[in-house]
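Dear colleague,

Please find below the structure that I am handing over to you, together with its sequence. My findings follow beneath it.

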Amino acid sequence: MKNKAITIKDVAKQSGVSISTVSQILNGKSDKFSPVTVAKVQQAKADLHYEPDYFARRMIMKTSKTIGVLVPDITNPFFGELIRGIEQVLYQANYITMLCNADLDEAKEQGYLAELSHRGVDGFIIASSAVSNQAINASLRTKQHPFIVLDQKKAEGFSDAVLTDDFEGGRLAAAHLKQLGHQHVAILMPAQASANVQQRLAGFKTVYADADIDRIDVPLSKLGGRQAVPAILKTAATGLFAVNDEIAFGLYLGLAEAGKQVPRDYSVIGYDNVEMCEYVTPQLTTIAQPIFELGQVTAKILLARIKNPDQPWDERRLPVKLIERKSTAHLN
């Protein structure tokens with residue numbers, strides 16, 4: 001025979017206080033009661049092995065203590081580090097992170113957005129540019145769901161946002177290659193680039209004229225970088241700027257397969273500074289984003305928005321920096 005589930009009524013009876021008192025103490029309002037009363041309730045909960053019913057608690061408290069996080073590609077280590085920063089802050093605030101990996105599939109991203117909304121998460125972190133502002137308005141803003149956009153997505157004045165200085169990052173990459181004597185360069189980026197990548201291109205073009213740049217369209221992946229090599233070999237470029245480290249890692253393999261060496265034949269600079277940059281040979285020169293901090297700041301701003309829905313929009317822009325390693329060299 002199945003044992004009867006322990007309820008809040010049983011905890012109240014065991015501790016000798018009202019159901020209302022038990023409910024408030026177990027839901028974080030113990031400061032309203034004496035230490036003796038709180039101790040009685042906590043002891044009764046422990047003795048009875050009481051576990052609060054999640055759905056009942058959500059009905060009463062009007063909160064799920066859950067944050068939905070939408071990313072485009074969890075296989076990219078950038079997003080793994082980003083999630084780690086987000087999760088650290090949310091965990092400390094007693095929130096659960098619900099991760100949705102969209103696999104660069106726009107329809108999947110839209111479906112996740114709707115599903116998270118139906119499941120009653122307390123807030124949304126959107127790290128994908130594929131989710132349109134129209135979809136966000138329809139699914140989140142009109143329903144007054146707290147949300148924040150970051151990295152690939154621009155807020156455009158209608159939400160909180162955390163960004164990094166992509167324009168400066170592109171400029172730093174170009175200035176580094178120029179300083180090393182590279183007169184003709186190639187930039188590897190998606191054909192339909194997100195707003196942050198477009199800013200990297202704009203910054204890069206403050207150093208190099210269009211005539212000195214070959215743009216090669218590739219997806220943001222190692223495979224994209226590897227498959228771009230035949231197109232690179234047809235150009236006069238000696239310096240290569242990959243708009244993320246994943247593309248750069250793919251370049252390493254593709255160039256090796258073509259009998260070329262980094263940096264003897266091509267200087268390669270990436271973007272993000274994921275951990276693997278230090279473990280490839282040669283170590284990858286890159287533009288470092290504060291990825292972990294980006295996640296932390298994002299989570300903190302969203303929690304502040306949940307607590308105070310009417311506060312002014314908050315947009316942060318974090319700095320980037322050049323990390324010079326062994327994949328770039330002076331042009332001989």
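**Positive phi outside glycine**

Asn-94 counts as exposed, because its relative accessibility is 60% and exposed residues are those over 50%. Please note that the model is a predicted one. Asn-94 belongs to the loop between α5 (77-92) and β2, and its phi is positive, about 65°, although it is not a glycine. His-49 also deserves your attention: this residue is not a glycine, yet it has a positive phi of about 55°. The loop between α3 (35-48) and α4 (54-61) contains His-49, which counts as exposed at 65% relative accessibility.

**The parallel sheet**

Six strands form an open sheet with parallel pairing, in the order β2-β1-β3-β4-β5-β11. Its edge strands are β2 (96-101) and β11 (315-318), each of which pairs on one side only. On average, and with direction ignored, neighbouring strands of this sheet are turned by 15° against each other. The pairing of strand β1 (residues 66-71) with β2 is parallel and runs over six bridges. For Gly-68, the bridge partner in β2 is Met-98.

**Helix α12 and what follows**

Helix α12 covers residues 245-257, 13 residues in all. From its first C-alpha to its last it reaches 19 Å, close to the 18 Å expected at 1.5 Å a residue. Is this helix mostly covered or mostly open? It is mostly covered, with 10 of its 13 residues buried. Among the buried residues of α12 are Ile-247, Phe-249, Leu-251, Tyr-252 and Leu-255; Asp-245 and Glu-246 are buried as well.

Glu-257 of this helix, by contrast, counts as partly exposed at 49% relative accessibility. Glu-257 forms a salt bridge with Arg-226, whose closest N atom is 2.4 Å from the closest O atom. Arg-226 lies in helix α10 (residues 222-227) and Glu-257 in helix α12, so this salt bridge ties together parts that are 31 residues apart in sequence. Arg-226 is partly exposed too, with a relative accessible area of 36%.

After α12 comes Gly-259, with a positive phi near 80°. The loop between α12 and β9 (267-272) also holds Pro-263, and the peptide bond from Val-262 to Pro-263 is cis, with omega near 5°. A further cis peptide bond runs from Thr-281 to Pro-282, with omega near -10°. Pro-282 is placed in the loop between β9 and β10 (285-288).

**Aromatic pairs**

Across the whole structure, the search finds four aromatic pairs. One of them joins Phe-78 and Phe-79: the ring centres are 5.1 Å apart and the planes stand at 90°, so the pair is edge-to-face. Phe-78 is buried, with a relative accessible area of 3%, and Phe-79 is buried with a relative accessible area of 3%.

Phe-204 and Phe-241 form a stacked pair, at 5.2 Å centre to centre and with 10° between the planes. Which parts of the chain does this pair tie together? Phe-204 lies in helix α9 (residues 195-204) and Phe-241 in strand β8 (residues 239-242), so the contact links parts that are 37 residues apart in sequence. Phe-204 and Phe-241 are both buried. They belong to one aromatic cluster with Tyr-208 and Tyr-271. A charged side chain meets this cluster at Tyr-271, where Arg-200 lies over the face of the ring, at 3.8 Å from the ring centre.

**Other salt bridges**

The structure holds 11 salt bridges, among them the one between Arg-226 and Glu-257 described above. Two others may be of interest to you. Lys-205 forms a salt bridge with Asp-210, with the closest N and O atoms 3.4 Å apart. Lys-205 is partly exposed, with a relative accessible area of 38%, whereas Asp-210 counts as exposed at 53% relative accessibility. Arg-215 and Asp-217 meet through their side chains in a salt bridge of 3.2 Å, N to O. Arg-215 counts as partly exposed at 36% relative accessibility, and Asp-217 is partly exposed with a relative accessible area of 49%.

With kind regards

How values were computed. Residues numbered from 1 in each chain as written. Predicted model: local features only at pLDDT ≥ 70, side-chain atom pairs only at ≥ 80, totals over all residues. Heavy atoms only, no water. Helix = DSSP H or I, 4+ residues; strand = E, 2+ residues; numbered from the N terminus. Expected span 1.5 Å × (residues − 1). Buried < 20%, exposed > 50% of the residue type's maximum accessible area, 1.4 Å probe, protein only. Phe/Tyr/Trp six-rings, centres within 6.5 Å; stacked < 30°, edge-to-face > 60°. Lys NZ or Arg CZ within 6 Å of the ring centre and 35° of its normal. Salt bridge = Lys/Arg side-chain N within 4 Å of Asp/Glu carboxyl O. Pairing = 2+ DSSP bridges. Axes fitted to C-alpha atoms, helices over the stretch in contact; angles between N-to-C directions.
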